[in-house]
Amino acid sequence: MSKREKEIVIGENEARIQKNIIEELATRFQEEYERTGNKKKFYIQTYGCQMNARDSEKLKGILEHIGYIETDNEINADFILYNTCTVRENANQKVYGRVGHLKTLKKSKKDLMIALCGCMMQEDAVIETIKKSYNHVDIIFGTHNIYKLAELIKAKLDTGDMIIDIWKEHKEIVEDLPSIRKHDFKASVNIMYGCNNFCSYCIVPYVRGRERSRNPEDIVNEIKALVDDGVVEIMLLGQNVNSYGQTVDNEITFAGLLKQIEAIEGLERIRFMTSHPKDLSDELIETIGKSTKICSNLHLPLQSGSTRILEKMNRKYTRDQYLDLVMKIKAVRPDIALTTDIIVGFPGETEEDFEETLEVMRAVEYDNAFTFIYSKRTGTPAAKLEEQVPEDIVKDRFNRLLETLHPSVNKKAKEQVGKTVKVLVEELNGQGDGLVTGRLSSNHLVHLKGDKDLIGKIIDVKILEAKNFYLIGEQA
Ligand code: SAH
Ligand code: SF4
Ligand code: F3S
């Protein structure tokens, strides 16, 4: 038996065990409901990236199968779960603040269960702090065992003890547990977990474990089932989707996977993130160029425009290689919207390094960018570097970064004006009556007149105007 087959067998077994526990709890909860007339409610707060958002969909699936219903009002909840992020220090501070506040709520509501999970929980120092200062927390688990939520709830109910279950490494990919999608017409699908890149500033490889790709058949089957269920757009998720396939038995590349997904009938749009520039192959660029379903948006994190800093970041590409990739991709898809991530204030970043970042931004003309101030993460190689950039200089650079970004964001949005484009209508617009909001293939947001019948449909829209953060259009 190959390693992969064994992994699936263990996975199926574990999924069965968890399903049995979910059923057992469902019976208990139903009996309680019949006695009290009260359905128990859960509240989930998700921090961080799309990985966490997808994990929260799985956690919601388990909770709903147990018999909880979702509430968006934390005070009404019987089960409160924070799915945490630790990529930057301020994310951690937010969580501590909120968990502290829950202490009073817990005093007035003795059956309230408080649970913490996600990336922050993978850090030993965090667990120590919670044990010491936040002992009103009931359940703590990490990123590798989210599928065990029902078992952890049962353990809490049966013992009354604080339950802590953190795995240092991932053991198996458990497929086929329930999950609840936010939208009927679009869905996220994990194609891989973890990260092997160890960018020197980044904590993700330490809290999400080693890179593991899912089998292509499992991914394709999951997407086919989603399409049968009404999904027209999928987002493929991984920390570095471009290196997909390195841990599965059959040799397959990300481009190969995309071709299989493209062939799924009824699927209209494919998105993916994140693409690491070092692994953006010619095969992949060609596949993007030929595809009719891959959206015209590539998120290609730059991090820094200085080759010297990129090397210190362990990014494994130079500024010129990055610019080369941009040229190649624009050659096969001239309409592609490029977005990026940039960090300012990495240790040792000089004014010259920073100006190189601005130069790349002006050369590429990004449609949008996520801009971050460097945050020192304990345990990463960069945390040991001595030349931290003074705070006032970082703030000044951050402002200049935004000043350089905004003209290209505006220019790119204006280029859409006058065009008639396909838009997937996603929701009613909260701002005004009779308005809906949708997304272009480029991922630009557009508001237009329409009602709820349009939600989930891909329609032709003429773009009339570009505002600061969105476009205005009308049905063509
Ligand atoms: N795997 C993705 C990114 C995941 S984290 C990739 O490689 O692009 C999302 C973004 O957070 C990163 O792209 C980076 O810009 C930012 N980031 C990560 N660690 C950071 C840190 N220590 N300080 C500031 N920003 C950070
Ligand atoms: Fe972090 Fe780099 Fe991995 Fe992205 S590729 S998650 S930035 S280590
Ligand atoms: Fe944060 Fe974890 Fe994502 S640290 S950015 S939630 S992988």
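1. A word on naming before the tour: helices (H or I, at least four residues) and strands (E, at least two) are DSSP runs, numbered from the N terminus. With those labels, C85 is found in the loop between β3 and α3 (89–108). Please keep in mind throughout that this is a predicted model.

2. Let me stay with C85 for a moment. C85 is buried, at a relative accessible area of 11%. Leaving aside neighbours within four places in sequence, the contacts of C85 are Y47, G48, N52, A91, N92, C119 and M120. One of these, C119, shares an annotation with C85: the unreviewed UniProt entry lists C49, C85 and C119 under "binding site". Although these residues are spread over 71 residues of sequence, they cluster in space, and the largest C-alpha distance is 10.5 Å.

3. Where does C49 lie? The loop between β1 and α2 holds C49. Is C49 buried or exposed? Neither label fits, because its relative accessibility of 39% makes C49 partly exposed. C85, in contrast, is buried.

4. The surrounding annotation may help you to place these residues. UniProt, again in an unreviewed entry, puts the feature "domain: MTTase N-terminal" at residues 40–158. Over that stretch the chain is 48% helix and 19% strand, with the end C-alpha atoms 18 Å apart.

5. Now for the aromatic residues, which you may enjoy. The structure holds 10 aromatic pairs. In one of them, F29 and Y68 meet edge-to-face, 4.9 Å centre to centre and with 65° between the planes. F29 belongs to helix α1 (residues 3–36) and Y68 to the loop between α2 (50–66) and β2 (69–70), so this pair ties together parts that are 39 residues apart in sequence. Both F29 and Y68 are buried.

6. Another pair is formed by Y47 and Y82, edge-to-face as well, at 6.4 Å centre to centre and 85° between the planes. Y47 sits in the loop between β1 (41–46) and α2, while Y82 is in strand β3 (residues 79–84), so the pair ties together parts 35 residues apart in sequence. Y47 is buried, and Y82 is too. You have already met Y47 among the contacts of C85.

7. Two further ring features deserve a look. Ring pairs link F29, Y68 and F79 into a cluster. In addition, the charged end of K39 sits over the ring of Y33, 4.7 Å from the ring centre.

8. Helix α5 (residues 149–159) has L149, A150, L152, I153 and K156 among its buried residues. These residues cover an arc of only 165° around the axis, which puts them on the same side of α5. As general background, an α-helix has 3.6 residues a turn, so residues three or four places apart point the same way. After α5 comes G160, whose phi is positive, near 80°.

9. Helix α11 (residues 319–332) gives a similar exercise. Its 14 residues reach 21 Å from the first C-alpha to the last, close to the 20 Å expected at 1.5 Å a residue. Which residues of α11 are buried? They are R319, Y322, L325, V326 and I329. Seen down the axis of α11, the buried residues fall within an arc of 125°, so they line one face of the helix. D320, M327 and A331, on the other side of α11, are exposed. The cover over the buried residues of α11 includes α9 (282–290), β12 (297–299), α10 (307–312), β13 (337–344) and α12 (351–364).

10. Further along the chain, F370 is part of strand β14 (residues 368–373). Not counting residues up to four places away in sequence, F370 touches H299, T340, D341 and I342. F370 and L63 are 307 residues apart in sequence and 33 Å apart in space, C-alpha to C-alpha.

11. Finally, E387 is in the loop between β14 and α13 (391–415). With a relative accessible area of 46%, E387 is partly exposed. Which residues does E387 touch, not counting those up to four places away in sequence? K312, P347 and G348. E387 and F346 are 41 residues apart in sequence, with 8.9 Å between them in space, C-alpha to C-alpha.

Key:
Residues numbered from 1 in each chain as written. Chains lettered and ligands numbered in written order. Predicted model: local features only at pLDDT ≥ 70, side-chain atom pairs only at ≥ 80, totals over all residues. Heavy atoms only, no water. Phe/Tyr/Trp six-rings, centres within 6.5 Å; stacked < 30°, edge-to-face > 60°. Buried < 20%, exposed > 50% of the residue type's maximum accessible area, 1.4 Å probe, protein only. Lys NZ or Arg CZ within 6 Å of the ring centre and 35° of its normal. Expected span 1.5 Å × (residues − 1). Arc of directions from axis to C-beta. Contact = heavy atoms within 4.5 Å. UniProt positions renumbered as here; feature names shortened; annotations may be inferred.
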